[in-house]
Amino acid sequence: MIYFGYDPGGNDKHGVALLRVHRGKPVSVTTALVGTTEMAIRWFSARSGSPVAIGVDTLTCWSTGPAGWRPADRWLRQQYPQVGQSVAAPNSLYGSMSLNGMMVLLALRGMAPQVMITETHPKVIHWYLRGEAYDFVAGRVVMVQALAAEVGLDLALASDHEWDAALSALAAFRGFSGEWQRDLHTIAPAEDERLVMPCGVTNYFWPE
């Protein structure tokens, strides 16, 4: 089974990942850093086999409420105040994160309509798993070793975008397999907002 991971960045900062799983266990991870959204889409479409799920560090749905806050965003800020500032108001996010992520999702849903999509937040997941702030520049070796231990494979990740993409692919696997069952997109919206899902139904599986 194939799982994709994507970390949308600006020019030359798009992290892509492919996790292969056999009989319930990861057997390989391939990552790359590509230049544009188009290159990310082509990288995914060139992989052999059809993905069952993809994890993406982007807004997989939008809110009509104040500042675009979604129930999932509020829950993360309340649950993890130590890293709450990394969960920003959606209306304040850079276009590279929100636009590029949605473009890739729409393209993948066109190629594989049944693919499961789960949103990810690598910085907060890192805190959940290790209890430490995300700092790839100072802690690259330790962060790569920790993610390798989570996956159960040796990893060689040269950039934080590849690390985020690999973790997102792992989140897709754990959500699809049922290991992560909490879905933050099932939290009910407030009375003054609604969720809009431009690429169809998505999930936000969380490690609890």
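Biologist: What radius of gyration would a compact globule with 208 residues have, and what does the chain have?

Modeller: Start with a rule of thumb for chain length: a compact globule of 208 residues would come out near 17 Å, and the chain has 16 Å, so the two agree. Keep in mind that this is a predicted model. Along the principal axes, the C-alpha atoms fill a box of roughly 45 × 40 × 35 Å.

Biologist: How much of the chain is buried?

Modeller: Buried residues account for 54% of the 208. As for the surface, about 9,600 Å² is exposed, with carbon and sulfur atoms supplying 53% of that. You can also look at contacts between residues at least 6 apart in sequence: 69% of them join residues at least 24 apart.

Biologist: Which helices and strands should I look for, and how many are there?

Modeller: Count six helices and nine strands. Five of the strands form an open sheet in the order β3-β2-β1-β4-β6, with mixed pairing. At the edges sit β3 (25-34) and β6, each pairing on one side only. From one strand to the next, the twist averages 20°.

Biologist: In which sense do the strands pair?

Modeller: Take β1 (residues 2-7) and β2 (residues 14-22): they pair in the antiparallel sense over six bridges. Tyr3, for example, has Leu19 in β2 as its bridge partner. On the other hand, β4 (residues 53-56) and β6 pair in the parallel sense over four bridges, and there Val56 stands opposite Glu119 of β6.

Biologist: What about the two faces of a strand, say β6: buried or exposed?

Modeller: The general idea is that side chains in a regular strand alternate between the two faces of the sheet. In β6 (residues 116-119), Met116 and Thr118 are on one side, Ile117 and Glu119 on the other, and all of them are buried. Both faces of β6 are covered.

Biologist: Which strands does helix α6 lie across?

Modeller: Helix α6 lies across β1, β2, β3, β4 and β6, and runs at about 140° to β1. The helix is mostly covered, with 15 of its 18 residues buried.

Biologist: How far apart are the end C-alpha atoms of α6, and what span should we expect?

Modeller: Use 1.5 Å a residue. For the 18 residues of α6 (residues 160-177) the span should be 26 Å, and the end C-alpha atoms are 26 Å apart, so the helix agrees with the expectation. Right after α6 comes Gly178, with a positive phi near 90°.

Notes
Residues are numbered from 1 along each chain as its sequence is written. This is a predicted model: local features need pLDDT of at least 70, side-chain atom pairs count only at pLDDT 80 or more; totals for chains, interfaces and linings use all residues. Side-chain values use heavy atoms; hydrogens and water are left out. Buried means under 20% relative accessible area, exposed over 50%, partly exposed in between (1.4 Å probe, protein chains only). Two strands pair if DSSP finds at least two bridges between them. The expected span of a helix is 1.5 Å times one less than its number of residues. The radius of gyration is taken over C-alpha atoms; the globule rule is 2.2 Å times the number of residues to the power 0.38. Contact means heavy atoms within 4.5 Å. Accessible areas come from the Shrake-Rupley method with a 1.4 Å probe; for residues, only the protein chains shown count as cover. Axes are lines fitted to C-alpha atoms, for helices over the stretch in contact, and angles run from 0 to 180 degrees between N-to-C directions.
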